[in-house]
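The following note is written for a colleague who is beginning to read structural models. Please keep the structure in view while going through the numbered points.

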Amino acid sequence: MIENRPGLSALAHLVLILGVVVVALPVWVAFVASTHGPTDFMSGTVPMWPGPHLVENYAKMLDTGLSTSGTPPVGWMMFNSLVMALSIALGKIAISILSAFAIVYFRFPLRGLAFWCIFVTLMLPVEVRIVPTFQVVAGLGLLNSYAGLSIPLIASATATFLFRQVFLTMPDELVEAARIDGAGPMKFFRDILLPLSRTNMAALFVILFIYGWNQYLWPLLVTTSSDYYTIVAGIKRMADVVDGLPQWHLVMATAVLAMLPPVAVVIFMQKLFVKGLVETEK
Amino acid sequence: MKRTIFSNQLLPWLLLAPQLAITFIFFLWPAGQAIKQSFLREDAFGINSSFVGLANFTALLDSPEYLNSLKVTAVFAISVTVVSMGVALLLAVAVDRMLKSSRTYTTLLVWPYAVAPAVAGILWWFIFNPTVGVMPYVLEVIGYDWNHISSKTDAMILVVIASAWKQISYNFLFFVAGLQAIPASMREAAAIDGAGPVRRFFDITFPLLSPTTFFLLVVNIVYSMFETFAVIDATTEGGPAQATNIMVYKVYFDGFIGQNLGSSAAQSVILMLIVISLTVIQFRWVEKKVEY
């Protein structure tokens, strides 16, 4: 702050409070809706304060779900989402840190080409190659499996670049010392590089977990059996009712459950989250 | 570049193998297939396909539906970018004035980043729902009859709000970081010279923020063109009357539901060219930042 202007500060507070309210509004409305019974929506508008059905609605969704929409219990879909998010996050970190290690600490023919192959994935988001990628996964027999949900998404140029950057800033003396002490490349990797990149891995994990949990198009395509539905992709199937109104109180309970894990991760690991966000965009 | 390296020749390939295998099988090969497919046309039964040159592309450019989709994408991407960046900049400038409370406000503003685009779509779909929603009720009071199921404009506004809402927190974090990187001495000097807060913002803060703004511009355009697929699918499904049928949604719809593989592949190729150019712009920018 440059000078003391109480009026301006008050205005800034007002803007921020308005911003917080606007940002929180949809979630508040969803939460309130999820605490009411089915008849509370008949009157025309959604109530603005929580009702008495919180425990009942959430227990019902977690345990049995909305069977009329053909979706499994929400608890099960959350488990699927968790498996997918963890596989994607850990898979991306594992294969990227190995690639970055190879690219930074070795000189070999076609190194540049390998680097470019990885770089190109940045330019090919799943949305632009939907149909052929689906055909490949179907051809490999990976539809309706956790492998099909996660493996096609774990190639990562951004994660590789991040680790490359981290390794490039590490002093050369580390390798020299390791070699004098007789350590081979894998021992150096395991005992020196891995421990030194721990915070970067944690920050990246936060970002990638959110990325994995929030996947929509891919799970929608590769899961036709309800056993593998993820919560984010399943929620639309609940809101889509052919005749009549969706059971809004239950759909909104699912929406709240779908955002709970990633939002909790952002709030409780805010420092790592911001670090990961800024680093992956370098 | 490292001065000291290991001399193994086989090991680096083993280390790269998983990444390269996935890249090849799930990225490069399908992309190649899309390019190949875009020059072919399948018969009605999908058994034979023949080489048709650029016919799929010329057919697209002659199709009013595709031209409409281009226009819709442009309107949508620009609106989402302007709304989310505008709101985020306003909030970031406000937070930048705060000393003690900035951390609290930041926490309260960043969490929508974690909400899935599909869930964001469902939330706003519910709020604006013509029968049970809160907003149509409020809008009716001021005399506006909201209905995104029949009105093209309302549908567009809905998907723009849902997509922009989710992106505000991301832009906000980067703007805050950008503002903190501006030396306080510059603004102090301007203040001593008698420039008021508004003048200081436009003459000093905003120009010095331009690297962040350019970066966010590219990121937001990419976001609104590709990642918003889920917002569209969870809410309007491209309707009403194609009013929100953005390009990524059309690729999916024509390829999976319409089963028109040649046309869908040609659309994929056009989208690839767009992503490639946006990525090149982004990386050129990273190399020589816009600075004063």
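Which residues does A:Phe108 touch, not counting residues up to four places away in sequence? The points below begin with the standing of the model and the two chains, and then return to this question.

1. Standing of the model. This is a predicted model, and its scores are ipTM 0.89 and pTM 0.89. Chain A has an average pLDDT of 86, with 94% of the residues scoring at least 70. For chain B the average pLDDT is 87, and 94% of the residues score at least 70. Among the elements of chain A, the lowest mean pLDDT, 80, belongs to helix 2 (residues 54-63), while helix 3 has the highest, 94. As a general caution, predicted coordinates should not be read in detail where pLDDT is low.

2. Overall build of chain B. Chain B contains 13 helices and 2 strands. Along the principal axes, its C-alpha atoms fill a box of roughly 75 × 75 × 30 Å. Of the 292 residues in chain B, 43% are buried. Among its contacts between residues at least 6 apart in sequence, 69% join residues at least 24 apart.

3. The interface. In the contact between the chains, 81 residues of chain B meet 78 residues of chain A. The most is given to the chain B side by helix 1 (residues 11-37) of chain B, with 18 residues. By class, that side of chain B has 62 nonpolar, 13 polar and 6 charged residues.

4. A:Phe108, the residue of the opening question. A:Phe108 touches B:Gln9 and B:Pro12, when residues up to four places away in sequence are not counted. A:Phe108 lies in the loop between helix 3 (74-105) and helix 4 (111-120) of chain A. Is A:Phe108 buried or exposed? A:Phe108 is partly exposed, because 18 other C-beta atoms lie within 10 Å, and the buried class begins at 20. Its C-alpha atom is separated by 40 Å from that of A:Val266, a residue 158 places away along the chain.

5. Two residues with positive phi. A:Leu110 is found in the loop between helix 3 and helix 4 of chain A, and its phi is near 65°. A:Leu110 is exposed, since 11 other C-beta atoms lie within 10 Å and the exposed class covers 12 or fewer. A:Asn144, in the loop between helix 5 (130-139) and helix 6 of chain A, has a phi near 55°. With 15 other C-beta atoms within 10 Å, A:Asn144 is partly exposed. These values merit a second look because most residues other than glycine have a negative phi.

6. A buried loop residue. A:Ile151 is placed in the loop between helix 6 (146-150) and helix 7 (157-168) of chain A. A:Ile151 counts as buried because it has 21 C-beta neighbours inside 10 Å. The C-alpha atoms of A:Ile151 and A:Met238 are 27 Å apart, with their positions 87 residues apart along the chain.

7. Helix 14 of chain A. Which residues of helix 14 (residues 270-280) of chain A are buried? They are A:Phe273, A:Gly276 and A:Leu277. Viewed down the helix axis, these buried residues fall within an arc of 100°, so they line one face of the helix. In general, an α-helix has 3.6 residues a turn, so residues three or four places apart point the same way. The buried residues of helix 14 pack against helix 10 (198-213) and helix 13 (248-268) of chain A, together with helix 7 of chain B.

8. Helix 7 of chain B. In this helix 22 of the 29 residues are buried, so it is largely enclosed by the rest of the structure. At 1.5 Å a residue, helix 7 of chain B should span 42 Å, and its end C-alpha atoms are 41 Å apart, which agrees. There is also a kink of about 35° in helix 7 of chain B, centred on B:Gln167.

9. Helix 10 of chain B. The 18 residues of helix 10 (residues 210-227) of chain B should span 26 Å at 1.5 Å a residue, and the 24 Å between its end C-alpha atoms agrees with this. Its buried residues include B:Thr212, B:Leu216, B:Asn220 and B:Tyr223. The elements covering the buried residues of helix 10 include helix 3 (64-97), helix 7 (152-180), helix 11 (229-234) and helix 12 (247-257) of chain B.

Note on methods
Residues are numbered from 1 along each chain as its sequence is written. Chains are lettered from A and ligands numbered from 1 in the order in which they are written. This is a predicted model: local features need pLDDT of at least 70, side-chain atom pairs count only at pLDDT 80 or more; totals for chains, interfaces and linings use all residues. Two residues are in contact if their C-beta atoms, placed from the backbone, lie within 7 Å. Helices (H or I, at least four residues) and strands (E, at least two) are DSSP runs, numbered from the N terminus. Ala, Val, Leu, Ile, Met, Phe, Trp, Tyr, Cys and Pro count as nonpolar, Asp, Glu, Lys and Arg as charged, and the others, Gly among them, as polar. The expected span of a helix is 1.5 Å times one less than its number of residues. pLDDT is the predictor's confidence in each residue, from 0 to 100. The arc is that of the directions from the helix axis to the C-beta atoms. The bend at a residue is the angle between axes fitted to the seven residues ending there and the seven starting there.
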